[in-house]
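Biologist: I'd like to learn how to read a model like this one. Could you take me through it feature by feature?

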Amino acid sequence: MHRTSWLAFIPFAAVSLTFSVGLHLYLYRRLVKGMTESRPARVAGGIVFSLLGVLIVAGPLSARLVPGNRLGQAGYLWWALGFYLFTLLVVVDLGAFLARRAARARQREPQPQPQPRQPAAPGSSAPASPARRDFLVNAARTTASVAAVGVTGFGFEEAWSPPRITEVPVKLPRLPSALSGLTLAHLTDVHVGAWIDRRFVEDLVERTNALRPDAVFITGDLVDGSVRDLGPMVAPLRGLRSRFGTYFVTGNHEYYSGVGEWCTELEGMGMTVLRNRRVALGDGSASLDLVGVDDYGGGRGLGQGADLEAAVRGRDPARAAILLAHQPKGVERAAALGIGLQLSGHTHGGQIWPWSQAVRLAYPYFKGRYQVGDLSLYVSNGCGLWGPPVRVGAPPEIVKVVLG
């Protein structure tokens, strides 16, 4: 593994370990200790959840060492199922807590004067006994567990469905009339490595070529691993066909995987790598400026980082311009600098609902299309996946941009 990859993974492993202990202790208490008095069952459950706690950390670490290994895949799959178990069981606990509070509040209410005892009305019931309450809570926990398995299965199916083609018409300011109708294919967040293999890449190339694009843009997080390990899996991208070629900008995962080696490798495959620079897309006056920046994460001690000002320095503001940036950041600044279209990824559309709501808080430009002044922004869900092989509410996509 590349040294940078190790350094970047240390904080991730520390956070994962801390999270794992708390998560699996909680799941054990709710699904084992809270549902059975049997000592053998509790011991067996403790062993199972201890092993799952190790798996949720060791699996992703092993996936970095040996992309595509079964231990890593099992660890990532348990991430998703464990997340949904935790989320739904917290909802059950919250419901039980509110029910207890309501029962205590009723008990504290002033009691009416004793009346002569009357026969109970048909259908009436006494307050729930502790045994009945425990039964109801355990039934809710069982239902939550079944639901977690169902949602995870649905998300697994959606994650591996063929990427949908999302057509996005864009009225690009200052576009030469000769380029009206220009078709651009936008790929992002493929994440070749733990789950995504050569066959997936071959299929992605076939689907992209079927769009007959004039240019192909790849906006980062193409890989999760070294050139040595993943070079053969990425090689089918040589087969991308378009009038003006394929253009690439780095994502944060390229920094974790050896950004310099990957940029050299992709250039050797015929791609144009844009690292804080621009090129002309088109011919002569029938052209526009294509600007590409390094990932913003590169500024955290991993490399040069994004420098939009350097990329547009000396640019003729009368020309149409498109910006490729992995993360949907700096959008207002790009609009002020005369960029008419920005294509980004990184968020995966949240990938897993309701975790996607936390991603939405971190990235105001979260998924889909936005308009910022004269700038159109499209943030793609991405083509592949990272981590858990599950997508809920954010299906994979290839974006087909048609300029007008």
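Biologist: Let me start with one residue: is Q351 buried or exposed?

Modeller: Some ground rules before that. This is a predicted model, where local features need pLDDT of at least 70 and side-chain atom pairs count only at pLDDT 80 or more, while totals for chains, interfaces and linings use all residues. Residues are numbered from 1 along each chain as its sequence is written, and side-chain values use heavy atoms, with hydrogens and water left out. Now, buried means under 20% relative accessible area, exposed means over 50%, and partly exposed is in between, using a 1.4 Å probe and protein chains only. Q351 has a relative accessible area of 5%, so Q351 is buried.

Biologist: And where is Q351 found?

Modeller: In the loop between β9 and α11. Helices (H or I, at least four residues) and strands (E, at least two) are DSSP runs, numbered from the N terminus. β9 covers 341-344 and α11 covers 355-362.

Biologist: How do I read the backbone angles there?

Modeller: Most residues other than glycine have a negative phi, and most peptide bonds are trans. In this loop, phi of Q351 is near 65°, a positive value. H348, in that loop between β9 and α11, has a positive phi too, near 60°. H348 counts as buried because its relative accessibility is 6%.

Biologist: Which residues does the cis peptide bond join?

Modeller: W353 and P354, with omega at about 5°. P354 also lies in the loop between β9 and α11.

Biologist: Let's zoom out. How many helices and strands does the protein have?

Modeller: There are 11 helices and 12 strands. The C-alpha atoms fill a box of roughly 100 × 45 × 40 Å along the principal axes, and 49% of the 404 residues count as buried.

Biologist: Which residues touch the most other members of the largest nonpolar core?

Modeller: A nonpolar core is a set of buried Ala, Val, Leu, Ile, Met, Phe, Trp, Tyr and Cys residues joined through side-chain atoms within 4.5 Å. Here the largest one has 29 residues, and V190, I218, L222, V234, L237 and L266 touch the most other members. Among the elements that each supply at least two residues of this core are β2 (183-187), α5 (198-209) and α8 (259-268). A second, separate core has 28 residues, including L23, Y26, A63 and A194.

Biologist: What does L222 touch, not counting residues up to four places away in sequence?

Modeller: Contact means heavy atoms within 4.5 Å. By that rule L222 touches V190, H191, V192, V234, L237, F248, E254 and L266.

Biologist: How do you find a pocket?

Modeller: Rolling a probe the size of a water molecule over the atoms shows where empty space is left. On a 1 Å grid over the protein atoms alone, a pocket is an open set of points where a 1.4 Å probe fits, with protein on both sides within 12 Å along at least five of seven lines, and lining residues have an atom within 4 Å of a point. Grid points are joined across faces, edges and corners, and a volume is the space filled by probe spheres set on the points. The second largest pocket here has a volume of about 740 Å³. Of its 21 lining residues, A96, A99, R100, R133 and V137 are the closest to the centre.

Biologist: Which helix gives the largest share of that lining?

Modeller: α3, with 9 residues. α3 (70-108) and α4 (130-159) each supply at least two.
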